[in-house]
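This report looks at selected residues and their side-chain pairings. Please keep the sequence and the model in view while reading.

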Amino acid sequence: MAKKKDARVTVILECTSCIQHNGVKKVSTGISRYITQKNRHNTPNRLELRKFCPYCYKHMIHGEIKK
């Protein structure tokens, strides 16, 4: 039996600010990641949301990454 393509897919959101500053800092604090779902038919391009980053201590833009 073939798998059907569901409209809902699980995506991982990663802080864009932590990636840029992680190379500059000598102490690696970490990268903030969130797991969420999106509807593939309504949002075909990459998802970007403002979420709280515990490493930056403020709300930053988190972008979708590949698994």
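In which helix is the place of Ser-17? Ser-17 belongs to helix H1, residues 16–22. Helices (H or I, at least four residues) and strands (E, at least two) are DSSP runs, numbered from the N terminus.

The model is predicted: local features need pLDDT of at least 70, side-chain atom pairs count only at pLDDT 80 or more, and totals for chains, interfaces and linings use all residues. Residues are numbered from 1 along each chain as its sequence is written, and side-chain values use heavy atoms, with hydrogens and water left out.

**Ser-17**

Ser-17 has a relative accessible area of 9%, so it counts as buried. Buried means under 20% relative accessible area, exposed over 50%, and partly exposed in between (1.4 Å probe, protein chains only). Neighbours within four places in sequence aside, Ser-17 is in contact with Cys-56 and Met-60. Contact means heavy atoms within 4.5 Å.

**Salt bridges**

A salt bridge is a side-chain nitrogen of Lys or Arg within 4 Å of a carboxyl oxygen of Asp or Glu. The count by this rule is two.

| Salt bridge | Closest N and O atoms |
|---|---|
| Glu-14 with Arg-33 | 2.5 Å |
| Glu-64 with Lys-38 | 3.2 Å |

Take Glu-14 and Arg-33, joined by a salt bridge. Glu-14 lies in strand S1 (residues 8–15) and Arg-33 in strand S2 (residues 33–39), so this pair links distant parts of the chain, 19 residues apart. Glu-14 is buried at 8%. Arg-33 is exposed, at 53% relative accessibility.

Glu-64 and Lys-38 form a salt bridge as well. Glu-64 is in strand S4 and Lys-38 in strand S2, so the pair ties together parts that are 26 residues apart in sequence. Glu-64 is buried, with a relative accessible area of 18%. Lys-38 is buried too, at 8%.

**His-59 and Lys-51**

Where is His-59 found? His-59 is in strand S4, residues 58–65. Its relative accessibility is 46%, so His-59 counts as partly exposed. Beyond its neighbours within four places in sequence, His-59 is in contact with Arg-50, Lys-51 and Phe-52. The C-alpha atoms of His-59 and Cys-15 are 9.6 Å apart, and the two residues are 44 residues apart along the chain.

Lys-51 also has a ring partner: its charged end sits over the ring of Tyr-34, 4.8 Å from the ring centre. A charge sits over a ring if NZ of Lys or CZ of Arg is within 6 Å of the ring centre and within 35 degrees of the ring normal.
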